[in-house]
Amino acid sequence: MSLWEDKVRRVVPYTPGEQPADTGIIKLNTNENPYPPAPGVLAARDAMDVERLRLYPDPAAGELVKALAGRYDVAPEQVFVGVGSDDVLSVAFLTFFNSDRPVIFPDITYSFYPVWANVYRIPYKMAPLDADFRIRPEDYYEENGGVIFPNPNAPTSCYEPLDVVEDILQHNPDVIVIVDEAYIDFGGTSALKLLERYENLLVVQTFSKSRSMAGLRIGYAIGAPKLIKAMNDGKYSLNSDTMNMPSQLMGVCAVRDEAYFKQCVNRIIATRERTKAQLLALGFVFPEPMANFIFARHPRFQGRELFEALRAAHIYVRHFDQPRIGDYLRITIGTDEQMDVLMDFLKNYINSH
Ligand code: PMP
């Protein structure tokens, strides 16, 4: 082995869901939105002056920050934007989790958290969800170096009411508490309401799910100006021009089209409720879904078996080979037509095995 190999930083990377090149499949594996982005986004693309691409983009993404500040009724100094919420969360880990004490997050949660903790050498501790996959707030009372959890959680789709979020905030006045709200638009109330009272709260959201723009990579954090300033300092120390010009332009148009956003979200919620009833009728069990996916298991079948049978039928869902959740499938809500194909397959499979 060469000597330099000893000095290479080795990390266990995050494994994203599969993005198969085959467009003939039904893709319910990465919690994308089945509907196109807002019409204004397409118009912005058509109107884009390609000649301007020779220039660097605005490093502060000022127009997008302003549009988001207007939409959420906060000051522009309270908004940080990044290349997907993964980028925002990565900058937040780097900026806020600098203690010798462990950062706490749930044992069943977004699997990128331990990856960032490892890459930035942040100690962490995983608090076990209860038997119903719910957060136990007491687990977050001990001294720690910071707290992060998604609400609704992934991959469980469980939502914790704001009094649980507030209880965790009340017990953690000396560290930053990050609420990852990638799925909040599909149910529940955002912790943004609590910002006025907790200046150590950071709320992170994304355009990838409810705004149908996973491919453009836009995420944002909202918090006290001090937190946002610290994150921007962190970002400008890594790579200042992260968000490209087309994303900034199209992002602004997406934020402006509130009617389309609501319509899309409501369609997905309606399909989720319909799918819930159909899954229950087939004997599936699942925690109450509050995101754009359902986390379900069937008492008669192993998770891997159903996952593989579905995949062979060109229906892609997500399966995690992990303790406690190996028998579950995480099924993204697609269109009604896509869910009909899924349900037909499951009905036939279950009745013939
Ligand atoms: N947080 C959670 C809980 C997620 O499930 C995801 C999606 N993989 C993200 C953050 C990141 O999404 P994006 O980078 O597309 O905004």
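Trainee: In this predicted model, where in the chain is confidence lowest, and where is it highest?

Mentor: Confidence is lowest in helix 1 (residues 39-47), where the mean is 91, and highest in strand 6 (residues 177-180), where it is 99. For the chain the mean pLDDT is 97, on a scale that runs from 0 to 100.

Trainee: How do you know which residues reach 70 or more?

Mentor: The share is given for the chain, and 100% of its residues reach 70 or more.

Trainee: Why is His 319 called buried?

Mentor: His 319, which lies in strand 11 (residues 318-319), has a relative accessible area of 11%. Buried means under 20%, and 11% is under that cut-off, so His 319 is called buried.

Trainee: What does His 319 contact, leaving aside its neighbours within four places in sequence?

Mentor: His 319 is in contact with Gly 303, Arg 304, Phe 307, Gly 326, Tyr 328 and Leu 329, once those neighbours are left aside. Its side chain also reaches the backbone oxygen of Gly 326, at 2.6 Å.

Trainee: What makes Glu 32 partly exposed, when Glu 166 is buried?

Mentor: Glu 32 has a relative accessibility of 25%, whereas Glu 166 has a relative accessible area of 16%. Under 20% is buried, over 50% is exposed, and what lies in between is partly exposed, so 25% makes Glu 32 partly exposed and 16% makes Glu 166 buried.

Trainee: Where are these two residues found, and what do they touch?

Mentor: Glu 32 has its place in the loop between strand 1 (26-27) and helix 1, while Glu 166 is found in helix 5. Not counting residues up to four places away in sequence, Glu 166 touches Leu 194, Arg 197 and Tyr 198, and Glu 32 touches Gln 19, Lys 27, Ala 214, Asn 292, Thr 332 and Ile 333. Asn 292 is 260 residues from Glu 32 along the chain, yet their C-alpha atoms are separated by 8.4 Å.

Trainee: How do you know that Glu 32 makes a polar contact with the side chain of Lys 27?

Mentor: The distance between the two side chains is 2.8 Å, and a polar contact requires N or O atoms within 3.5 Å, so the pair qualifies. A polar contact of 3.0 Å also joins the side chains of Glu 32 and Gln 19.

Trainee: Which residues of helix 5 are buried, and what covers them?

Mentor: In helix 5 (residues 162-170) the buried residues are Leu 162, Val 164, Val 165, Glu 166, Ile 168 and Leu 169. Their cover includes strand 5 (146-150), strand 6 and strand 7 (201-206).

Trainee: Which residues have the most contacts inside the largest nonpolar core?

Mentor: That core has 90 residues, and those with the most contacts inside it are Leu 64, Leu 68, Val 81, Leu 201, Phe 207, Phe 284 and Leu 342. There is also a second, separate core of 27 residues, which includes Phe 105, Phe 112, Leu 227 and Ile 228.

Trainee: How do you know that an oxygen atom of the ligand makes a polar contact with Ser 208?

Mentor: An N or O atom in the side chain of Ser 208 lies 2.6 Å from an oxygen atom of the ligand, and the cut-off for a polar contact is 3.5 Å, so this pair is a polar contact. Taken alone the ligand exposes 400 Å², of which the protein buries 91%.

Notes: Residues are numbered from 1 along each chain as its sequence is written. This is a predicted model: local features need pLDDT of at least 70, side-chain atom pairs count only at pLDDT 80 or more; totals for chains, interfaces and linings use all residues. Side-chain values use heavy atoms; hydrogens and water are left out. A nonpolar core is a set of buried Ala, Val, Leu, Ile, Met, Phe, Trp, Tyr and Cys residues joined through side-chain atoms within 4.5 Å. Buried means under 20% relative accessible area, exposed over 50%, partly exposed in between (1.4 Å probe, protein chains only). Helices (H or I, at least four residues) and strands (E, at least two) are DSSP runs, numbered from the N terminus. A polar contact is a pair of N or O atoms within 3.5 Å; within protein, one must be able to donate a hydrogen and the other to accept it, and residues adjacent in sequence count only if both atoms are side-chain atoms. Contact means heavy atoms within 4.5 Å. pLDDT is the predictor's confidence in each residue, from 0 to 100. Accessible areas come from the Shrake-Rupley method with a 1.4 Å probe; for residues, only the protein chains shown count as cover.
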